[in-house]
Structures are given as C-alpha cells and as structure tokens.
Amino acid sequence: MTSPLGAQRPDMRQFLQQAQAMQRNLLDAQQELSALRVQATSGNGAVRATVDGSARLQRLDIAPEVADPYDTEGLAQLVLAAIRDATASAQELAQQKLLPTIAHTLGDSMKANLRGVTGGD
C-alpha cells in the first residue's frame, strides 16, 4: 500500500520545477525591464523624465526657458507631471511583460495538475 505522501512526490517535484522556471522567467523579465527606458514630457516638451522599466527615475531634463526663479511652483508641477506619466508608462510596460510570464507558468501548472487528476493529456 502506498502512502498518500508517496503518491504526491512526483507532483511536488513538478510543482517545484515549475516554480523555479517561473522565478527564472520573472528574473529575466525584470532584468529586461531594468534595461528599458521610458520617457514622458510635460510643458510641451520643456520637462522630460526618463525612468527605467522598474519605474526608477534615471534622468530629468529641464529646458532653461522654464527655469523661472519666480515660478518654481509651476516648474515643480511640470516636473511632477513628467515623472508621473513616465512612471505610469513604465508600470504598464512591466505589467505587459510580467503578467504573461506568470499566466503562462500558472497555466502550465494548472494543465499539469488537471492531467494528474483526470489521468488525461
């Protein structure tokens, strides 16, 4: 008589392999994202923010003509708008890159589990 735990070992091994594959895929995707650059502008291009695919600010460019010492609040608003837009774009890019990786791995795992339960292909 085999123990219920003994019957689960191949499934557990397969689950661990799939988890490791998902981890590798996610790390690869994160590395790709950190190498990507996303830009957004505000003030008709007067302020440009560049973030990486992980939404970390990498560069901020400000045109000299908008650097009015008497309107620092206006400049701050332009800077914030550019950074927010670039960050939102980077987060969207990350979702587009990471979610399919997760879904694919989870889908494979679910298919394998169903095959194990139903005994089919």
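A salt bridge, as I use the term today, is a side-chain nitrogen of Lys or Arg within 4 Å of a carboxyl oxygen of Asp or Glu. Arg48 and Asp61 meet that definition, with their side chains 3.0 Å apart, N to O. I will come back to this pair. What you have in front of you is a predicted model, and the values I give are computed from it.

First, the layout. The protein has two helices and three strands. Starting at the N terminus, the elements run α-β-β-β-α. Helix 1 covers residues 4–35, and helix 2 covers residues 72–118. Of the 121 residues, 22% count as buried. The accessible surface is about 8,700 Å², and carbon and sulfur atoms hold 54% of that. Among contacts with a separation of 6 or more, 50% are between residues 24 or more positions apart.

Next, the sheet. The three strands form an open sheet in the order 1-2-3, and the pairing is antiparallel. Strand 1, residues 37–42, and strand 3, residues 57–62, are the edges, each pairing on one side only. From one strand to the next, the twist averages 15°.

Strand 2 is residues 47–52, and six bridges join strand 1 to it. These two strands make a hairpin with four residues between them. In that turn, Gly43 has a positive phi of about 60°. To fix the register, Arg37 stands opposite Asp52, and Thr41 stands opposite Arg48.

Which residues of strand 1 are on the covered face, and which are on the uncovered one? Val38, Ala40 and Ser42 are on the covered face, while Arg37, Gln39 and Thr41 are on the uncovered face. In a regular strand the side chains alternate between the two faces of the sheet.

Two residues from that covered face, Val38 and Ala40, also belong to the largest nonpolar core. This core has 10 residues; the others are Val47, Ala49, Val51, Leu75, Val79, Ala82, Ala86 and Ala90. Strand 1, strand 2 and helix 2 each supply at least two of them. Helix 2 gives the largest share, five residues.

Take Ala49 from that core as an example. Leaving aside residues up to four places away in sequence, Ala49 touches Val38, Gln39, Ala40, Leu57, Arg59, Leu60, Ala82, Ile83 and Ala86.

Ile83 is on that list, and its place is in helix 2. Why is Ile83 called partly exposed? Its relative accessible area is 23%, and the class applies because buried means under 20% and exposed means over 50%. With the same sequence neighbours left out, Ile83 touches Ala49, Leu57 and Leu60. Leu57 is 26 residues from Ile83 along the chain, and their C-alpha atoms are separated by 7.5 Å.

Now the charged pairs. Side chains of opposite charge can pair when their charged atoms come close. How many salt bridges does a search of the whole structure find? It finds four.

One of the four is between Glu32 and Lys97, at 2.5 Å, N to O. Glu32 is in helix 1 and Lys97 is in helix 2, so this pair ties together parts that are 65 residues apart in sequence. Glu32 is partly exposed, at 42% relative accessibility. Lys97 is partly exposed too, at 30%.

Back to the opening pair, Arg48 and Asp61, at 3.0 Å. Arg48 is in strand 2 and Asp61 is in strand 3, 13 residues apart. Arg48 has a relative accessible area of 32% and counts as partly exposed. Asp61 has 18% and counts as buried. The pair is also part of a network of salt bridges that links Arg48, Arg59 and Asp61.

Another salt bridge joins the side chains of Arg56 and Asp52, at 3.4 Å, N to O. Is each of these two residues buried, or partly exposed? Arg56 is partly exposed, with a relative accessible area of 48%, whereas Asp52 is buried, at 3%. Asp52 is the residue I mentioned earlier, opposite Arg37.

To recap: an open antiparallel sheet of three strands, a nonpolar core with its largest share from helix 2, and four salt bridges. That is what I have.

Terms used
Residues are numbered from 1 along each chain as its sequence is written. This is a predicted model: local features need pLDDT of at least 70, side-chain atom pairs count only at pLDDT 80 or more; totals for chains, interfaces and linings use all residues. Side-chain values use heavy atoms; hydrogens and water are left out. Buried means under 20% relative accessible area, exposed over 50%, partly exposed in between (1.4 Å probe, protein chains only). Contact means heavy atoms within 4.5 Å. Two strands pair if DSSP finds at least two bridges between them. Axes are lines fitted to C-alpha atoms, for helices over the stretch in contact, and angles run from 0 to 180 degrees between N-to-C directions. A nonpolar core is a set of buried Ala, Val, Leu, Ile, Met, Phe, Trp, Tyr and Cys residues joined through side-chain atoms within 4.5 Å. Accessible areas come from the Shrake-Rupley method with a 1.4 Å probe; for residues, only the protein chains shown count as cover.
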